[in-house]
Amino acid sequence: MTIFHPPSAPQAPSAVRAEGQGPGSTGDRAGAVLLRARRAGEECARWVRGLADSQDHDVHRSCLETTAAAIEEASGRVLAAGASGYLPEDLAHALGAGMLGPAADGSVPHLAPGERLALAAACAVAAAMPVCFSSNPIWKREIAVLTEDLAAATTAGQLATRTAGAATCEPRTFPLLGGAFPDPLDGLAWRGVTARATEAFEIALHYQDGTGPKACAEALLNALHAASPGIVAAALVRVADDPALGLDADQWEYLHNLAGTIDLDTLEDLTGANGPGTTDEH
């Protein structure tokens, strides 16, 4: 596994080092957008490092720490430096390190219910952030939306951690992470998110010059960008619907409303508004 080693301290680009100057200064809109993204990444990384501290296996602990550093890097230094629509390969590997990080015995990190899906959503959003930062005139809006998604994923994960008392459990299949779906509505939502991601991948690849590794990587990041809102929304819905958390009606409604704001289609799929999910139609 490729282990990502972040720099000892964030290094701001020369264009934004001077306070109050350039597009990265905190006094203008661009600087404010980047600052919020960095802070959201730092908050998410603190939660992931807490997950690392709860692991019994050194390999699992190391993988989650690597993922935490990668989330900070993608939403902070790499973003502020101007990633020009490209996610470095080592950073891409690091963002996935904490999800599996298998040890020699084949085990994966033990996470409480709700934590694994929230972590997957956070990694997907962090991976999409550098891709948006370019000469695209709407990049600030795109980064702002992704920052909200990252914060929502972090909030869902923190809630799962708190309500579970940081207790670990055996890994199991969560909605939207593949595998069998005992609830047809999970399968319906999975097909919807997959369809959107597949369409984004194929469109991006169609407009690339060639089919080399870079073109495929950029197409994959477009797919992640398309899928991440649905994954975050599903995480919020399943956290809200978990009876073990004992949420009251107001808390349940708040999380469902938040999920609908992020991805209404996924919320409707998971709540049965788009049908029973017993066919392949979506």
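**A helix and its salt bridges**

Start with helix α5, which covers residues 115-132. At 1.5 Å a residue, its 18 residues should span 26 Å. The C-alpha atoms at its two ends are 26 Å apart, so expectation and model agree. Keep in mind that this is a predicted model. How much of α5 is covered? Most of it is: of its 18 residues, 17 are buried.

Now turn to the charged side chains. How many salt bridges does the count come to? The total is 7. Three of the pairs are followed here, beginning with Glu72 and Arg49.

Glu72 and Arg49 form a salt bridge. Their closest N and O atoms are 2.9 Å apart. Where do the two residues sit? Glu72 belongs to helix α2 (residues 58-75), and Arg49 belongs to helix α1 (residues 29-53). The two are 23 residues apart in sequence, so the pair ties together separate parts of the chain. Next, look at their surroundings. Glu72 has a relative accessibility of 28%, so it counts as partly exposed. Arg49 has a relative accessible area of 30%, and it is partly exposed too. Buried would require a value under 20%.

Move along the chain to Arg196. This residue forms a salt bridge with Asp263. Here the closest N and O atoms are 3.2 Å apart. Arg196 lies in helix α7 (residues 184-206). Asp263 lies in the loop between α9 (249-262) and α10 (264-271). The partners are 67 residues apart in sequence, so this bridge ties a helix to a loop. Are the two partners buried or partly exposed? Arg196 is partly exposed, because its relative accessible area is 23%. Asp263 is buried, because its relative accessible area is 10%.

Arg196 has another partner, Asp265. Their side chains meet in a salt bridge, with 4.0 Å from N to O. Asp265 is in helix α10 and Arg196 is in helix α7. This pair links distant parts of the chain, 69 residues apart. With a relative accessible area of 37%, Asp265 counts as partly exposed.

Put these last two bridges together. Which residues do the shared partners join? Arg196, Asp263 and Asp265 form one network. To trace it in the model, begin at Arg196 in helix α7. Then go to Asp263 in the loop between α9 and α10. Return to Arg196, and go on to Asp265 in helix α10.

Definitions and conventions:
Residues numbered from 1 in each chain as written. Predicted model: local features only at pLDDT ≥ 70, side-chain atom pairs only at ≥ 80, totals over all residues. Heavy atoms only, no water. Helix = DSSP H or I, 4+ residues; strand = E, 2+ residues; numbered from the N terminus. Expected span 1.5 Å × (residues − 1). Buried < 20%, exposed > 50% of the residue type's maximum accessible area, 1.4 Å probe, protein only.
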